[in-house]
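Here is a short report on one protein chain. Keep the sequence and the structure open as you read.

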Amino acid sequence: MRALGPGFLEARRCSEGPPGSQGPALAALFRAAQRLQLRRDFPAALAACERGLELEQKGSGSVLAADTKSCLCIIGIQALAELNQWDQVLGWVLEIYEIPEKIPARILQMCTQLAV
């Protein structure tokens, strides 16, 4: 049996719930989770995350938006790890959050787990 990556359970939590009319970034989150978990199409999952993050950047900045951004980032990290591009994860995360102080703790934990 194949071992699951460090973000699998977090990505699973992020993808729970039906996609409704909560916005295009959340819809991109569900597409990314589906491509990652069901289809195991990691390049498409990463592309969906990046598209969702672009949409999220134009969003409201609400708590829901921040959680969606975090979940998109977690799924993107998992996709990069599955593509054996784990060494690019921290740079990718810094592009999203701009400074380390803005990176949520759970994402920093995933980055350190990949670095070990």
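Where does Ile103 lie? Ile103 sits in the loop between α5 and α6. Note that this is a predicted model.

**Overall layout**

The protein has six helices and zero strands. From the N terminus on, the elements read α-α-α-α-α-α. The protein has 116 residues, and 39% of them count as buried. Take the contacts between residues at least 6 apart in sequence: 61% of these join residues at least 24 apart.

**The loop between α5 and α6**

Back to Ile103. Is Ile103 buried or exposed? Ile103 counts as buried because its relative accessibility is 7%, and the cut-off for buried is under 20%. Leaving aside neighbours within four places in sequence, Ile103 is in contact with Val93, Leu94, Tyr97 and Leu108.

Glu98 lies in the loop between α5 and α6 too. Glu98 counts as exposed, at 57% relative accessibility. Its backbone deserves a look: Glu98 is not a glycine, yet has a positive phi of about 70°.

A second residue to check for phi is Arg40. Arg40 is found in the loop between α2 and α3. Its phi is near 55°, a positive value in a residue other than glycine. Arg40 counts as partly exposed, with 39% relative accessibility.

The table sets out the accessibility of five residues.

| Residue | Location | Relative accessibility | Class |
|---|---|---|---|
| Arg40 | loop between α2 and α3 | 39% | partly exposed |
| Thr68 | helix α4 | 4% | buried |
| Ser70 | helix α4 | 3% | buried |
| Glu98 | loop between α5 and α6 | 57% | exposed |
| Ile103 | loop between α5 and α6 | 7% | buried |

**Two residues of α4**

Thr68 belongs to helix α4. Why does Thr68 count as buried? Its relative accessible area is 4%, and buried means under 20%. Setting aside neighbours within four places in sequence, Thr68 is in contact with Ala25, Leu26, Leu29 and Glu56. Glu56 is itself one of the buried residues of α3.

Ser70 is also in helix α4. Ser70 counts as buried, at 3% relative accessibility. What does Ser70 touch, not counting residues up to four places away in sequence? The partners are Tyr97, Pro104, Arg106 and Ile107. Ser70 and Tyr97 are 27 residues apart in sequence, and their C-alpha atoms are 9.7 Å apart. For Ser70 and Ile103, the separation is 33 residues in sequence and 8.7 Å in space, C-alpha to C-alpha.

**The nonpolar core**

The largest nonpolar core has 30 residues. Those with the most contacts inside this core are Cys73, Ile77, Trp92, Val93 and Ile107. Which elements give two or more residues to this core? They are α2, α3, α4, α5 and α6. The most comes from α4, with eight residues.

Follow Val93 for a view of the packing. Not counting residues up to four places away in sequence, Val93 touches Cys73, Ile77, Ile103, Ile107 and Cys111. The loop residue Ile103 is thus among the contacts of Val93.

**Helix α3 and the largest pocket**

Helix α3 covers residues 42-57, 16 residues in total. From first C-alpha to last, α3 reaches 22 Å, close to the 22 Å expected at 1.5 Å a residue. Its buried residues are Phe42, Ala45, Leu46, Ala48, Cys49, Gly52, Leu53, Leu55 and Glu56.

How does α3 relate to the pocket? The largest pocket has a volume of about 340 Å³. It is lined by 15 residues, and the closest to its centre are Leu53, Gln57, Lys69, Glu95 and Ile96. Leu53 is also listed among the buried residues of α3.

Which helices each supply at least two residues of the lining? They are α3, α4 and α5. The largest share, five residues, comes from α3. By type, the lining divides into six nonpolar, two polar and seven charged residues.

Definitions and conventions
Residues are numbered from 1 along each chain as its sequence is written. This is a predicted model: local features need pLDDT of at least 70, side-chain atom pairs count only at pLDDT 80 or more; totals for chains, interfaces and linings use all residues. Side-chain values use heavy atoms; hydrogens and water are left out. The expected span of a helix is 1.5 Å times one less than its number of residues. Buried means under 20% relative accessible area, exposed over 50%, partly exposed in between (1.4 Å probe, protein chains only). On a 1 Å grid over the protein atoms alone, a cavity is a set of points where a 1.4 Å probe fits but cannot get out, and a pocket is an open set with protein on both sides within 12 Å along at least five of seven lines; lining residues have an atom within 4 Å of a point. Grid points are joined across faces, edges and corners, and a volume is the space filled by probe spheres set on the points. Ala, Val, Leu, Ile, Met, Phe, Trp, Tyr, Cys and Pro count as nonpolar, Asp, Glu, Lys and Arg as charged, and the others, Gly among them, as polar. A nonpolar core is a set of buried Ala, Val, Leu, Ile, Met, Phe, Trp, Tyr and Cys residues joined through side-chain atoms within 4.5 Å. Contact means heavy atoms within 4.5 Å.
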